[in-house]
Amino acid sequence: MNLFYQLHSDEHKLLRQGFAEWLRVLGYAPTSVVMLPRHLSEFLQDQELNGKYNVAQLSASDATAFIERLQACVGIRTGRAFSAGHINKYIQALQLFSRYIRQSGKSPVGFTLEQLAGDSPAPIWLNRTEVRRLYRATMADALGLRDRSMLSVFYGCGLRLQEGASLELSDVLHDRKLLYVRRGKGYRERYVPMAAGPYQDIREYIEQGRPELLQQPCAALFIDANRGRPLGKQSLYLRTKALARKAGIVKDVGPHTLRHSIATHLLQSGMPLERIQAFLGHAALDSAQLYTHLINEPQPITDDL
């Protein structure tokens, strides 16, 4: 692909701009709002080089041919063929672009692309003993109550990092023991049930730990220890890793590790995939089927300390 080629068609420029705005409205991460239109630009550049300058000229086979050309390319730096993971980023961009032009009425064309099978490692997850060690690494003070509540949001309730960071105090529905997830992936909202243990951890933090940390009015559920301000994604991620180090867990642990862990444990306990899909907020059952592979992978035997 020609890295120095710029889009010439005004319609293509507007398509790229509209696609980026559509992603932003749907709640995609800022990095995705930048990178996915960039991948789309390379596809549109490819179409211009083939004499196509507007959306009416696009066909499903154009996307397929573009991906095939990518598979035949080699990296300038590595001299090797692009990895499946690299090409899958373009496939994701084109799949979403196909949705965008159909939902916006710009074109009825749908791209029939499937993600390539890659050699990426399976997601990391913790066994139940490791989860217990993680909880025991928390202290009994206000910060410890916040840490337990954080673990119960990401493990006990299976939330994504962005979802947990976006929680507000009013999102904890005590009367129904539900968490209201207002900023799920793809801007989907859902209600997540809280089991007795996670609910107790969250309630104790709200009643006992959070008031000690609060220094000014703040709607966020998780607040920092210094200024009582909302705790951001990066801080939640780093706090999870710090607890894992303290617990002596050598795996690369983050909030998403806890999400993978609860999903795997639920599947091990016999919960149907459809219920796990709803619990996690997956749009498609295919995403939840990942955990059927995880439970068959050998895990190291550890003593329950």
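## Trp 22 and its partner

Let's start with Trp 22: at a relative accessible area of 14%, this residue is buried (under 20% relative accessible area, using a 1.4 Å probe and protein chains only). Tyr 100 counts as buried too, at 7% relative accessibility.

This is a predicted model, where local features need pLDDT of at least 70, side-chain atom pairs count only at pLDDT 80 or more, and totals for chains, interfaces and linings use all residues. Residues are numbered from 1 along each chain as its sequence is written, and side-chain values use heavy atoms, with hydrogens and water left out.

## Ring pairs between helices

Searching the whole structure turns up 11 aromatic pairs (Phe, Tyr or Trp rings, the six-membered one for Trp, with centres within 6.5 Å; planes under 30 degrees apart are stacked, over 60 edge-to-face, the rest tilted). Take Phe 19 and Phe 97: their ring centres sit 5.9 Å apart with planes at 90°, so they go down as edge-to-face. Phe 19 belongs to helix H1 (residues 10–25) and Phe 97 to helix H4 (residues 84–103), so the pair ties together parts 78 residues apart in sequence. Helices here are DSSP runs of H or I, at least four residues, numbered from the N terminus. Both Phe 19 and Phe 97 are buried.

Back to Trp 22, which forms a tilted pair with Tyr 100, at 5.7 Å centre to centre and 50° between the planes. Trp 22 is in helix H1 and Tyr 100 in helix H4, 78 residues apart, so to speak a link between distant parts of the chain.

## The wider cluster

Ring pairs join up a cluster that includes Phe 19, Trp 22, Phe 97 and Tyr 100, along with Phe 43, Phe 66, Tyr 90 and Phe 111.

Technical notes: Helix = DSSP H or I, 4+ residues; strand = E, 2+ residues; numbered from the N terminus. Buried < 20%, exposed > 50% of the residue type's maximum accessible area, 1.4 Å probe, protein only.
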